[in-house]
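Colleague: I'm new to this one, so could you walk me through it?
Modeller: Sure, let's have it up on the screen and take your questions one by one.

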Amino acid sequence: VRGGLAGFNPQNLSITVWAYATADYYHQALLADCSRVISDSLARDPSRWGVGDRSQLHQWQLWLSLERGADGQQHLLSESQRKLCCDAMQGTEVTISRLQRSVAAALAAVQHGFEEEHLE
């Protein structure tokens, strides 16, 4: 965090927080700075944030609220910003990759009754 986040654009920021959430790695100082910068940027000009960026922010916010407990609550965006991100995620068409299909087929072959699920 020493160098700051000044050079980060929305895509850089969304990828950064998404990566920390995906790795389930909680870095207090970095997430505090990211949360502040993201919130300020969304408040100033939400149009700078693409659908993919906002979808990644939504995943980060879910991780904070569902997996990080009290620690994560301090980094949540405002309710209106979280809704903006949630709407982006819900408006995205789901595409199942060939790899996902292959994994599902392999699991179904070894686990009788295996069913895929899609969570929103």
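**Helices, rings and a chain end of α5**

Colleague: Which residues of α2 do Leu-13, Thr-16, Val-17 and Tyr-20 in α1 meet?
Modeller: Keep in mind that this is a predicted model. Helix α1 covers residues 10-22 and helix α2 residues 28-44. On the α2 side, the residues met are Leu-30, Leu-31, Cys-34, Val-37 and Ile-38.

Colleague: How many residues of that contact are nonpolar?
Modeller: No charged residue takes part in the contact of α1 with α2, and one is polar. The nonpolar ones number eight.

Colleague: At what angle do the axes of α1 and α2 cross?
Modeller: The two axes come within 11 Å of each other. Their crossing is left-handed. As for the angle, it is roughly 145 degrees.

Colleague: Are the rings of Tyr-20 and Tyr-25 stacked, edge-to-face or tilted?
Modeller: A search of the whole structure turns up one aromatic pair. In it, the ring centres of Tyr-20 and Tyr-25 are 5.8 Å apart, and the planes stand at 45 degrees. Stacked needs under 30 degrees and edge-to-face over 60, so the pair of Tyr-20 and Tyr-25 is tilted.

Colleague: Is Tyr-20 buried, exposed or partly exposed?
Modeller: Buried would need under 20% relative accessible area, and exposed over 50%. Tyr-20 has 24% relative accessibility, so Tyr-20 counts as partly exposed.

Colleague: What separates the C-alpha atoms of Gln-90 and Ser-55?
Modeller: Gln-90 belongs to helix α5, residues 79-90, and is exposed at 55% relative accessible area. Along the chain, Gln-90 and Ser-55 are 35 residues apart. Their C-alpha atoms are separated by 8.3 Å.

Definitions and conventions: Residues numbered from 1 in each chain as written. Predicted model: local features only at pLDDT ≥ 70, side-chain atom pairs only at ≥ 80, totals over all residues. Heavy atoms only, no water. Phe/Tyr/Trp six-rings, centres within 6.5 Å; stacked < 30°, edge-to-face > 60°. Buried < 20%, exposed > 50% of the residue type's maximum accessible area, 1.4 Å probe, protein only. Axes fitted to C-alpha atoms, helices over the stretch in contact; angles between N-to-C directions. Helix = DSSP H or I, 4+ residues; strand = E, 2+ residues; numbered from the N terminus. Left-handed = near helix turned anticlockwise from the far one by under 90°. Contact = heavy atoms within 4.5 Å. Nonpolar A, V, L, I, M, F, W, Y, C, P; charged D, E, K, R; others polar.
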